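Here's a walk through one model, written for someone who'd rather think about side chains than software. Have a look at the structure first, then read on.

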Amino acid sequence: PRFYTDANFRALRAIETACEAEGLTLIEATFLWLLRHSALSEGDGVLLGASSVHQLEENLGACDLAASGRRLSERVLGAFDEAWKITEGEGVFAYWRGYSCDMPGRESLDQGAAYSASKTK
């Protein structure tokens, strides 16, 4: 599968190691980074996804942790930065679903995951 690369696993391990040392789960660290350290601004929102009630509860708990004012330590922030450096040369997977039919030049743009998936069948 497209995300099972050596670089992605090395990056994940760097974040896991830092999280374990700080007593954080990967879910908590991810939402803390997203809600407290990313480029999101006041008034921006985050759409939560979950495939089970347990997963939804984990995601909401991590959001509560961020809402409490908790921030990531320099160690964990450094691990996120290290993970980016490990994976940045891998390229980015085009995850969007495509373009509207009225977008000029859409035929020459990367059509994203939906297009790529349909070509593999």
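Is Val76 buried or exposed? At 0% relative accessibility, Val76 counts as buried, where buried means under 20% relative accessible area, exposed means over 50% and partly exposed is in between, with a 1.4 Å probe and protein chains only as cover.

Before going further, a word on the ground rules. This is a predicted model, in which local features need pLDDT of at least 70 and side-chain atom pairs count only at pLDDT 80 or more, while totals for chains, interfaces and linings use all residues. Residues are numbered from 1 along each chain as its sequence is written, and side-chain values use heavy atoms, with hydrogens and water left out.

**The overall picture**

The protein has 5 helices and 0 strands, and along the sequence that reads as α-α-α-α-α. Helices (H or I, at least four residues) and strands (E, at least two) are DSSP runs, numbered from the N terminus. Of the 121 residues, 21% count as buried. Contacts (heavy atoms within 4.5 Å) often link distant parts of the sequence: of those with a separation of 6 or more, 58% are between residues 24 or more positions apart. The protein exposes about 8700 Å², and carbon and sulfur atoms supply 54% of that; accessible areas come from the Shrake-Rupley method with a 1.4 Å probe, and for residues only the protein chains shown count as cover.

**Helices α1 and α4**

Back to Val76, which is found in helix α4. Leaving aside neighbours within four places in sequence, Val76 is in contact with Ala18, Cys19, Glu22, Leu24 and Ala29. Val76 and Glu20 are 56 residues apart along the chain, yet their C-alpha atoms are separated by 9.6 Å.

How do the two helices sit against each other? The axes of α1 (residues 6-22) and α4 (residues 74-87) come within 8 Å and cross at roughly 175 degrees. That makes α1 roughly antiparallel to α4. The axes are lines fitted to C-alpha atoms, for helices over the stretch in contact, and the angles run from 0 to 180 degrees between N-to-C directions. Angles under 35 degrees count as roughly parallel, over 145 as roughly antiparallel, 65 to 115 as roughly perpendicular and the rest as oblique. Residues of α1 that meet α4 include Ala11, Ala14, Ile15 and Ala18, and on the α4 side the residues include Val76, Ala79, Phe80 and Ala83.

Just past α4, Gly89 is in the loop between α4 and α5 (112-119). Gly89 counts as exposed, at 74% relative accessibility. Gly89 and Ala7 are 82 residues apart in sequence and 9.1 Å apart in space, C-alpha to C-alpha.

**A charged trio on α1**

There are 2 salt bridges in the count, a salt bridge being a side-chain nitrogen of Lys or Arg within 4 Å of a carboxyl oxygen of Asp or Glu. Here they are:

| Salt bridge | Closest N to O |
|---|---|
| Arg13 and Glu16 | 3.1 Å |
| Arg13 and Glu20 | 3.6 Å |

Salt bridges that share partners join Arg13, Glu16 and Glu20 into one network. Glu16 and Arg13 both lie in α1, 3 residues apart, about one turn of the helix. An α-helix has 3.6 residues a turn, so residues three or four places apart point the same way. As for accessibility, Arg13 is partly exposed at 41%, Glu16 is partly exposed at 24% and Glu20 is exposed at 54%.

**Helices α2 and α3**

In α2 (residues 26-37), Ala29, Phe31 and Leu32 are buried. What covers the buried residues of α2 includes α1, α3 and α4.

Over in α3 there's Asn59, a polar name with a relative accessible area of 5%, so it counts as buried. Apart from neighbours within four places in sequence, Asn59 is in contact with Ile27, Phe31, Leu48, Gly49 and Ala50. Leu56 lies in α3 (residues 53-67) too, but Leu56 counts as partly exposed, at 36% relative accessibility. Leu35, Leu40, Val46, Leu48, Leu56 and Leu60 make a nonpolar surface patch of about 410 Å². Patches are made of residues with over 30% relative accessible area and no salt bridge, with like charges joined within 9 Å and nonpolar side chains (Val, Leu, Ile, Met, Phe, Trp, Tyr) within 5 Å.

Ala67 is also in α3, and Ala67 is exposed, with a relative accessible area of 67%. Ala67 and Arg36 are 31 residues apart in sequence and 8.6 Å apart in space, C-alpha to C-alpha.
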